[in-house]
Amino acid sequence: MDMDVDYDLPGGESFEDITDLFQNAAKGMSSDEVLFTDGFTLMDAMSAFEASTQFVVQWANLITFCQIGEPRMDSGMASQENNAPGFDSTALLLPEELCWISDKMFACEMQWHSGNTLSQTVFTLLYVHELQDLNPELLPPGWPPLRDSSRPIELLTIVLRALVFGLLKCCDLAWRELSQRRVYDIEDWQSEKSEVSLLESVPVSIVLRRLEDACQWLQHSNLPADQKDAIIDRILLRKHLVELFDLSISGSSELSLPLVRGALEILARVQSVPSVTPQEGSPALAAFDSRVSRRLHTVIPIRVVEMPEQKAVWAAMERLLYEWANLDYLRDNNTLSSWQIIGSHSVWMPRKEHPFAYMRSLIQGVFYDKQVVMDQYPADWLVEHFFLETLGVSYDSICDILITSWAGTDALQFQDVEKHIIEITSENVKSFWFNPPRRRRFLMKSMVELQALQDAFVLLNAQVVVSSSRSVHIMNALPEAANVSKLTAAREIILSGFQQDLYPPYERPLAYWLAVHIIDQHLISLEKLCSLSLAEPVVQREWEYQMTFLSSIQMMCIALCSMTASVPAPPKSRMSLNFRRRYKWLFTSQDGAQSEMLITIPPLSQYLRDLENLSDANCERDYLLLAKETLTRLSTIPAQSLCGEEEADMRHEFAGTLNDVNDKLLSFVGDVENKSHSLRWDPGYHAWFPEVVGNVT
């Protein structure tokens, strides 16, 4: 191979072409045969391929990119058609080009918050990697040589530089919050920085001052007024975001509401004056490189992420700001029930977008962090409200009974139970802001903890001697408090399986059947609490609402157990094994028998008999009619008991979705032909119950 080179090759220039030697040696080999030298394996060969996916042969000043391996698995592969236009970090920009770049910066930021990597989003802005070129102190004297009043150099060195500083600082502050381990790397967000600086060492005050200086320069510039206003609004929006992200790190997030209101007003102005895509040949078009990961240190191959339309970006930004406002509302709610209702609404409601990972982390930290509840209460607040909102009895009353009536052989030790309640209650509320699979796994694990709490209450009850009937009722109610929480968790585990599409068709009737029996025990437990007459009227109304709500769900589950039973089930032995594997969280041990279950349910033989008794369309209609009647009664019960007006509206909204689903199922019952093909489980329609599809009206 003759090479005309004008530089020194590594190892000298006395190379010989051995291509023919290898070709001749391979003539006697089949296509699937490989020869190795000692100490060189197939793994070594494949590693060499992956490590050499791109190399450059400089040959008479012609650069040729040579591909080895699979381009889709090669983040460094750069085909000729995907080469980005040349980027000049010091190319002067028009004001409208700067507006467009700023808007795309917001798009990249929101895409990172949506779960993509920084390499796919924020780092595609090439100014991030050439930030030193925008430093006015490092520019050559007299730059630029030709002044252009429509493209002042200050748009780069003052305005754009400040915007890039603000973007990176927002990402840095968000990264710090996300890394608190309340949400999970890779599951919820992507932490990899690819060894690119997010200005971690730059104080927030300096970034804010740069943004203020940019606004001040624009106000005194000779640019047209409309262009100045458009850029200033984008700078102010970035400034508000920096301040909002900083509040969460400084522990002053209670001051966020005025900033949120201001940011929403600015965002409305920005949306009213959209940026215009630059014309072909504009230097702004070269400011983003979707394949920048070729230049970065990345752990995994990176696919190209297309940026959404700007309207979708502003909608996502608006959603983030409203989630900040909702956080302020949550902080002011001083009941567990309010937090649980708001959390349930975000999980159960169809077509409701889950909060961004950053906001889910922030919400969890506000509710409980470092032994402080809602940034103001001690951890004991959780114990007090656990008893007050579950039983309607104050924690002080329970302590008085235990102290005055203790008859145990050992000294009364209630601190361990308190710690247990704090841990279970805090994690349960925070789990509403886990991602759905993570929340389901948490609830499975919590079953054992809730059973241990119930056993602890039973043990306490056995070691006290009380005389008054009210004291007896209070002590008898303690195990039911843990039992209600345990049954609530079990119901959500089963029904969330439909939301996450975990059940094959033959498992759906069994899941609904289990939900029916768990709800039945939940109703029995609530009836016991009502019969004790311990609680204030407000708690009694809450129990009444819960019982009516559960009854409506139970009726719908009975009907759907029958409606989905047409799918052939596996043999009984196989069904038993599947049940043990699917519902292992119901058992106290890995190889336990049915008698060792955390919740007592009938045997599988009872399930098969129940299916036979339910195999009647009239039966299905009767239960759906009962559900409709119950849902109608639910709308007459005051939903505002232990919660505020907004939570009551959320309850009515969810009950309305249940009523709509129930009406569609009523219209479906009686259409015997192709019944199984006319029901579709879609979490976008409802979290637990199927949508009727086809020609059914």
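How many helices and how many strands are there in the protein? With the whole chain on screen, you are looking at a predicted model, and the protein in it has 21 helices and seven strands. Before selecting anything smaller, keep two overall values in mind: buried residues make up 51% of the 697 residues, and, of the contacts with a separation of 6 or more, 77% are between residues 24 or more positions apart.

**First stop: helices H6 and H8**

Select residues 225-250, which form helix H6, together with residues 310-331, which form helix H8. Two packed helices are described by the angle between their axes and the distance between the axes. Here the angle is about 40° and the axes lie 13 Å apart, and H6 and H8 are therefore oblique to each other. If you turn the view so that one helix lies in front of the other, you can look for the left-handed crossing in which H6 passes H8. Now show the side chains where the two helices meet: H6 brings Leu237, Leu241, Leu244 and Phe245, while H8 brings Trp314, Met317, Leu320, Leu321 and Trp324. Sorted by class, this contact of H6 with H8 holds nine nonpolar residues, no polar ones and no charged ones. As you look along such a helix, remember that an α-helix has 3.6 residues a turn, so residues three or four places apart point the same way.

**Second stop: Arg234**

Stay in helix H6 and select Arg234, which has its place there. Is Arg234 buried or exposed? With a relative accessibility of 2%, Arg234 counts as buried, because the cut-off for that word is under 20%. Leaving aside residues up to four places away in sequence, Arg234 touches Cys99, Ser102, Asp103, Phe106, Leu163, Val270, Val273, Pro274 and Ser275. You can also draw a distance from the C-alpha atom of Arg234 to that of Leu267, which is 33 residues away along the chain, and the separation is 8.2 Å.

**Third stop: helix H7**

Leu267 leads to helix H7, so select residues 256-272 next. The 17 residues of H7 reach 24 Å from the first C-alpha to the last, which is close to the 24 Å expected at 1.5 Å a residue. Colour the buried residues of H7, which are Ser256, Leu259, Val260, Gly262, Ala263, Leu264, Ile266, Leu267 and Val270. If you bring H6 and H8 back into view, you will see part of what covers these buried residues, since both helices are included in that cover.

**Fourth stop: helix H9**

Move on to residues 336-348, helix H9, whose 13 residues should span 18 Å at 1.5 Å a residue, and whose end C-alpha atoms are indeed 18 Å apart. How many of the 13 residues of H9 are buried? The count is 12, so H9 is largely enclosed by the rest of the structure. Among the buried residues to pick out are Trp339 and Trp348, as well as Ser337, Ser338, Ser344, Ser346 and His345.

**Fifth stop: two loop residues**

Most residues other than glycine have a negative phi, and most peptide bonds are trans. Select Met374, in the loop between strand S4 (372-373) and strand S5 (377-378), where phi is near 55°, a positive value in a residue other than glycine. Met374 is buried, with a relative accessible area of 1%. Then select Asp501, in the loop between helix H15 (469-499) and helix H16 (508-532); the phi of Asp501 is likewise near 55° and positive, but Asp501 counts as exposed, at 54% relative accessibility.

**Sixth stop: helices H12 and H15**

Keep H15 in view and add helix H12, residues 395-405; the axes of the two helices come within 11 Å and cross at roughly 105°. H12 and H15 are therefore roughly perpendicular to each other. On the H12 side the contact is made by Ile398, Ile401 and Leu402, and on the H15 side by Ser471, Ile474, Met475 and Leu478. These residues divide into six nonpolar, one polar and no charged.

**Last stop: helices H18 and H19**

Finally, select helix H18 (residues 572-582) and helix H19 (residues 604-614), whose axes come within 11 Å and cross at roughly 115°. This crossing is right-handed. In the contact, Lys572, Met575, Ser576 and Phe579 of H18 meet Leu604, Ser605, Tyr607 and Leu608 of H19, a set that divides into five nonpolar, two polar and one charged.

Note on methods
Residues numbered from 1 in each chain as written. Predicted model: local features only at pLDDT ≥ 70, side-chain atom pairs only at ≥ 80, totals over all residues. Heavy atoms only, no water. Axes fitted to C-alpha atoms, helices over the stretch in contact; angles between N-to-C directions. Helix = DSSP H or I, 4+ residues; strand = E, 2+ residues; numbered from the N terminus. Parallel < 35°, antiparallel > 145°, perpendicular 65-115°, else oblique. Left-handed = near helix turned anticlockwise from the far one by under 90°. Contact = heavy atoms within 4.5 Å. Nonpolar A, V, L, I, M, F, W, Y, C, P; charged D, E, K, R; others polar. Expected span 1.5 Å × (residues − 1). Buried < 20%, exposed > 50% of the residue type's maximum accessible area, 1.4 Å probe, protein only.
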